[in-house]
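Colleague: I have a new chain on my screen and would love some help reading it. Could we go through it together?

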Amino acid sequence: GGGGGSASVSVPVLRRATAADRRAIERLVVWNHLSLSADEPEELEAQERELPADFGVLRDAASFAASAHFVAEAGGEVVASAGVARAEGGEAGEWRLCSVSTAPSHRRRGLARACCAAALEEARAAGAAAVTLSTLGER
């Protein structure tokens, strides 16, 4: 007896993000921020060009490299994210939690919570005394 006939379901895997994940995280954050679905790419791309400066940690490769982002990946896709970065212009030990997002198809599974926990642990290990949640605009 060889292969079974059951379809495999991709279980999300939590891992540290790499530079190759930056664009996927950015799109996930944008989709959540703009409350758009993935099937509206033209509107999404138009809105992406007018993002707030807070997206700098994702837009700038050096800032992203200096941050610590974690992702949940399922089926080769980034489906949740969270990151921490040192607060710009803040006191020593001040960090911010950013890029907290989950794809609509994977919400209510604790994936963003797991990404946040990993990111916060990274900030603690790096000496963070305080972490502030970074939010974007009104929803």
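Modeller: Happily; here are some questions and answers about this predicted model.

Colleague: Let's begin with the overall layout. In what order do the helices and strands of the chain run from the N terminus on?

Modeller: The chain has five helices and five strands. Starting at the N terminus, the order of elements is β-α-α-α-α-β-β-β-α-β.

Colleague: Thanks! Which strands are the edge strands of the sheet?

Modeller: The five strands form an open sheet with mixed pairing, in the order β1-β2-β3-β4-β5. An edge strand pairs on one side only, and that holds for β1 (13-16) and β5 (130-133). From one strand to the next, the twist averages 20 degrees. The edge strands, then, are β1 and β5.

Colleague: Now a closer look at one pair. Which residue stands opposite S101 of β4?

Modeller: S101 belongs to strand β4, residues 94-102. Strand β3 (residues 77-86) pairs with β4 in the antiparallel sense, over six bridges. Across from S101 stands S81.

Colleague: What about the helices on the sheet? What angle does the direction of α5 make with that of β3?

Modeller: Helix α1 (residues 22-34) packs on the sheet with contacts to β2 (68-74), β3 and β4, and its direction makes about 95 degrees with that of β3. Helix α5 (residues 111-125) also packs on the sheet, touching β1, β2, β3, β4 and β5. For α5 and β3 the angle is about 30 degrees.

Colleague: Back to that serine for a moment. Is S101 buried or exposed?

Modeller: S101 touches several residues beyond its sequence neighbours, among them L28, V29, N32 and A112. Its relative accessible area is 5%. Buried means under 20%. Because 5% falls under that cut-off, S101 counts as buried.

Colleague: And the nonpolar interior? Which residues have the most contacts inside the largest nonpolar core?

Modeller: This core has 29 residues. At least two of its residues come from each of α1, α3 (56-59), β2, β3, β4 and α5. One member, I25, touches residues including L58, F64, V71 and V78. The residues with the most contacts inside the core are I25 and V84.

Colleague: One last thing, for the chain as a whole. What share of its residues count as buried?

Modeller: The accessible surface of the chain is about 8,200 Å², and 50% of that belongs to carbon and sulfur atoms. The chain has 139 residues, and the share that counts as buried is 38%.

Technical notes: Residues numbered from 1 in each chain as written. Predicted model: local features only at pLDDT ≥ 70, side-chain atom pairs only at ≥ 80, totals over all residues. Heavy atoms only, no water. Helix = DSSP H or I, 4+ residues; strand = E, 2+ residues; numbered from the N terminus. Buried < 20%, exposed > 50% of the residue type's maximum accessible area, 1.4 Å probe, protein only. Areas by Shrake-Rupley, 256 points an atom, 1.4 Å probe, with all protein chains shown as cover. Contact = heavy atoms within 4.5 Å. Pairing = 2+ DSSP bridges. Axes fitted to C-alpha atoms, helices over the stretch in contact; angles between N-to-C directions. Core = buried A, V, L, I, M, F, W, Y, C linked by side-chain atoms within 4.5 Å. Lists of a residue's contacts leave out its neighbours within four places in sequence.
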